[in-house]
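Hi there,

Here is the structure I promised to pass on to you. Have a look at it first, and then read on for what I found in it.

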Amino acid sequence: AGEAMEQGLRDCCRSIRIGKILIQSDEETQRAKVYYTKFPPDIYRRKVLLMYPILSNQGGKQNLFFPSLGTGNTVTEDVKVLVEHDVQPGVIILLSLFSTLMASAKSIIQEFPEITIITTEVHPVAPTRFGQKYFGT
């Protein structure tokens, strides 16, 4: 989902190094599963921007309208992957355009209290019009 935010980041920070984590929640178990990772070799020395356009309160469940929503479950798994690559949670900044409720953020902060979360807006539900334009759904 963060790839959708990547071009804007590249436009303002031309020399930025980009890493990738592909994680999806298993439909049956609702557990996050890592499918792919690729990071700059010196990621452990950098600040890390973890980007999710919409941070959802779905508890790991696949959302039929916005399948690219980040959940507390997937974000927590992302942070675990980064920590496995020697990134300290205190240098991770989670960027989100919209967040639904605060349950996802609270679950992330409970496990990683050092992480910084920045969002532009908090809503009880995902903004439908934004999701339709952004994800083409």
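**What turned up**

Among contacts in the protein between residues at least 6 apart in sequence, 62% join residues at least 24 apart. Please keep in mind as you read that this is a predicted model.

Let me begin with the overall layout. The secondary structure comes to four helices and six strands. Starting from the N terminus, the order of the elements is α-β-β-β-β-α-β-α-β-α. Of the 137 residues in the protein, 36% are buried. The surface that the protein exposes comes to about 8300 Å², and carbon and sulfur atoms supply 52% of that area.

Next, the strand pairing. Strand β5 (residues 92–100) is a good place to start, and you may want to bring it up on your screen. On one hand, β5 runs parallel to strand β3 (residues 48–56), and seven bridges join the two. Within that pairing, Y52 has S96 in β5 as its bridge partner. On the other hand, β5 also pairs with strand β6 (residues 116–123), again in the parallel sense and over seven bridges. There, L95 stands opposite I118 in β6. As a general reminder, side chains in a regular strand alternate between the two faces of the sheet.

Now to the charged side chains. How many salt bridges does the count come to? The count comes to three. Two of them involve D42. The side chain of D42 forms a salt bridge with R46, with the closest N and O atoms 2.9 Å apart. D42 also forms a salt bridge with R45, where the closest N and O atoms are 3.5 Å apart. Is D42 buried or exposed? D42 counts as buried, because its relative accessibility is 16%, which falls under the 20% cut-off. Its two partners are another matter: R45 is exposed, with a relative accessible area of 61%, while R46 is partly exposed at 31%.

The remaining salt bridge is between E111 and K80, whose side chains meet at 3.6 Å, N to O. This pair links distant parts of the chain, since E111 belongs to helix α3 (residues 103–111) and K80 to helix α2 (residues 72–84), with their positions 31 residues apart in sequence. Both ends count as partly exposed: E111 has 43% relative accessibility, and K80 has 33%. Coming back to the other group, salt bridges that share partners join D42, R45 and R46 into one network.

Last, a feature of the surface. Which residues make the nonpolar surface patch? L22, Y35 and Y36 make it, and the patch covers about 340 Å². Of these, Y35 is found in strand β2 (residues 32–38). Y35 is also partly exposed, because its relative accessible area is 49% and the exposed class needs over 50%.

If you have a few minutes with the viewer, I would go to the D42, R45 and R46 network, then to the link between helices α2 and α3 through K80 and E111, and then to the patch made by L22, Y35 and Y36.

Happy to talk it through whenever suits you.

Best wishes

Notes:
Residues numbered from 1 in each chain as written. Predicted model: local features only at pLDDT ≥ 70, side-chain atom pairs only at ≥ 80, totals over all residues. Heavy atoms only, no water. Salt bridge = Lys/Arg side-chain N within 4 Å of Asp/Glu carboxyl O. Buried < 20%, exposed > 50% of the residue type's maximum accessible area, 1.4 Å probe, protein only. Patch = residues over 30% accessible without salt bridge, like charges linked within 9 Å, V, L, I, M, F, W, Y side chains within 5 Å. Areas by Shrake-Rupley, 256 points an atom, 1.4 Å probe, with all protein chains shown as cover. Pairing = 2+ DSSP bridges. Contact = heavy atoms within 4.5 Å.
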